[in-house]
Amino acid sequence: MTESKAIPGDDGSAATAPLGGGAGKIRKIAINTGGGDAPGLNAVIRAIVLSALHRGWSVMGIEHGYGGLLSDDPGRVIPLGSDDVRGITHRGGTILGTTNRSDPFAWPVRLPDGSIEERDRSGEVIESFRRHGIDALIAIGGDGSLHLAHRLSKRGLPVVGVPKTIDNDLCGTSLTFGFLTAVETATDAIGKLHSTAESHRRVMVVEVMGRHAGWIALYGGLAGSADVILIPEIPFDIERVCDKIREREAAGRDFSIVCVAEGATPAGGEMVTKTVHGGADDQERLGGLGDLVAREIARRTGKETRSLTLGHLQRGGTPTSYDRVISLRFGAAAARCVARGRFGTMVALDPPHVRAIPLAEALARPKVVPVDGDIVMTAQALGVSLGD
Ligand code: F6P
């Protein structure tokens, strides 16, 4: 990592150039939450708000990504005080609302003929920051939202990012908040599937999220004792998957659990997507691989097979205690970055420290599972089939 430094405690006196261009202390900051929600968002918001209030800053929450800054969007910019963040550390979701359709550089506008046109409204967003007297933005997001924050930072907006995503696919941080809660959900589901799979002597295929990274599948699959784990980083051969099921059968274990990452692909094949509906237009999302794998296993092995997609369950619920603590640490660290004028950065976990790394470094590439890394070797040592 370049330029990363642990963020020391500050004396509250650090000055920085506010958005308006003049020199001066921070007086008002804003927070937004963008992209898919993740358990821990509210804990981050609480830590930012309380850290800011202790420094004498006021805090505005921007509702629904950047929507609250655009006049024709129903989102608002609301003041956040200590009462607003009371009792929210354990709550899933985000009190500010979020969206993965709030790109100010390509804002969807519906034309009179019903078609959608994308317009660059980033200038309006920056102007709106100015109008609200906001000196800095703490953007809590995954790669999509932090890319937007990075682009706004290059246009002069003082920004600090906080890494949020259940997918754990941001570079430079050993963990993103929300990931371990999603893993807990996946582990719990796999645990429950064991008893029904065993009772019925079935193969159960469970599809988990993660986009192009197999972190949730690998952690959840290992913790839940799946027999097969398929991840995007290791293209699979369905025949090898079936071999594992047959091997188990031959050894008297007549049920199996297959954990499939939504972004996994058969060797030489493509990712499976589905069209999701609603909002301004239809969109493609990863999903559906679990059903295909289950069908193929049943066809090739003759075993009764069922599949289950965990989907958005993985994004819901109360954050685990570890996610709560890293979320609180990230929020407090982001406020320290603002106080120190360390803009264009993202807070990152580098145990035992929380550091600030350049946003560009965090976003350079997705963080995927290293195929020669310890976690893959652990799965192999346990005899888990990775379908290769
Ligand atoms: O990035 C988080 C994530 O939950 C992915 O794991 C998943 O592919 C995607 O978001 C689903 O997006 P949506 O909420 O738009 O269905």
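**Note on the ligand site and the nonpolar cores**

1. An oxygen atom of the ligand lies 2.7 Å from an N or O atom in the side chain of arginine 285. This distance, like the other values in this note, was computed from a predicted model.

2. Two further residues may be read together with arginine 285. Arginine 315 places a polar side-chain atom 2.8 Å from an oxygen atom of the ligand. For asparagine 100, the separation between an N or O atom of the side chain and a ligand oxygen is 3.0 Å. The ligand taken alone exposes 400 Å², and the protein buries 83% of that area.

3. The surroundings of the ligand consist of Asn100, Ile166, Asp167, Met209, Gly210, Arg211, Glu262, Arg285, His312 and Arg315. Sorted by class, this shell has 5 charged, 3 polar and 2 nonpolar residues.

4. Arginine 211, one of the residues around the ligand, also leads to aspartate 169. The side chains of aspartate 169 and arginine 211 are joined by a polar contact of 3.1 Å. Aspartate 169 is found in the loop between β10 (159-163) and α4 (179-200). Is aspartate 169 buried or exposed? Its relative accessible area is 6%, under the 20% limit, and therefore it counts as buried. Apart from neighbours within four places in sequence, aspartate 169 is in contact with Arg211, Ala213, Pro366 and Lys367.

5. The student should next consider the nonpolar interior. In soluble globular proteins, nonpolar side chains tend to be buried together. The largest nonpolar core here has 70 residues, of which Ile29 and Val347 touch the most other members. A second, separate core comprises 29 residues, among them Met60, Ala139, Leu148 and Leu359.

6. Isoleucine 29 belongs to strand β4 (residues 28-33). Because its relative accessible area is 0%, isoleucine 29 is classed as buried. Which residues does isoleucine 29 touch, not counting those up to four places away in sequence? They are Ile48, Ala52, Trp57, Ser58, Val59, Met60, Ile134, Ala136, Ile138 and Val338. Histidine 54 stands 25 residues from isoleucine 29 in sequence, and their C-alpha atoms are 13 Å apart in space.

7. Valine 347 deserves a similar inspection. When residues up to four places away in sequence are not counted, valine 347 touches Ile7, Val160, Gly161, Val162, Pro163, Phe330, Ala333, Ala334, Cys337, Val354, Arg355 and Ala356. The list thus contains residues such as Gly161 and Arg355, in addition to nonpolar ones such as Phe330.

How values were computed: Residues numbered from 1 in each chain as written. Predicted model: local features only at pLDDT ≥ 70, side-chain atom pairs only at ≥ 80, totals over all residues. Heavy atoms only, no water. Core = buried A, V, L, I, M, F, W, Y, C linked by side-chain atoms within 4.5 Å. Buried < 20%, exposed > 50% of the residue type's maximum accessible area, 1.4 Å probe, protein only. Contact = heavy atoms within 4.5 Å. Near = heavy atom within 4 Å. Polar contact = N/O pair within 3.5 Å; in protein donor to acceptor, adjacent residues only side chain to side chain. Areas by Shrake-Rupley, 256 points an atom, 1.4 Å probe, with all protein chains shown as cover. Helix = DSSP H or I, 4+ residues; strand = E, 2+ residues; numbered from the N terminus.
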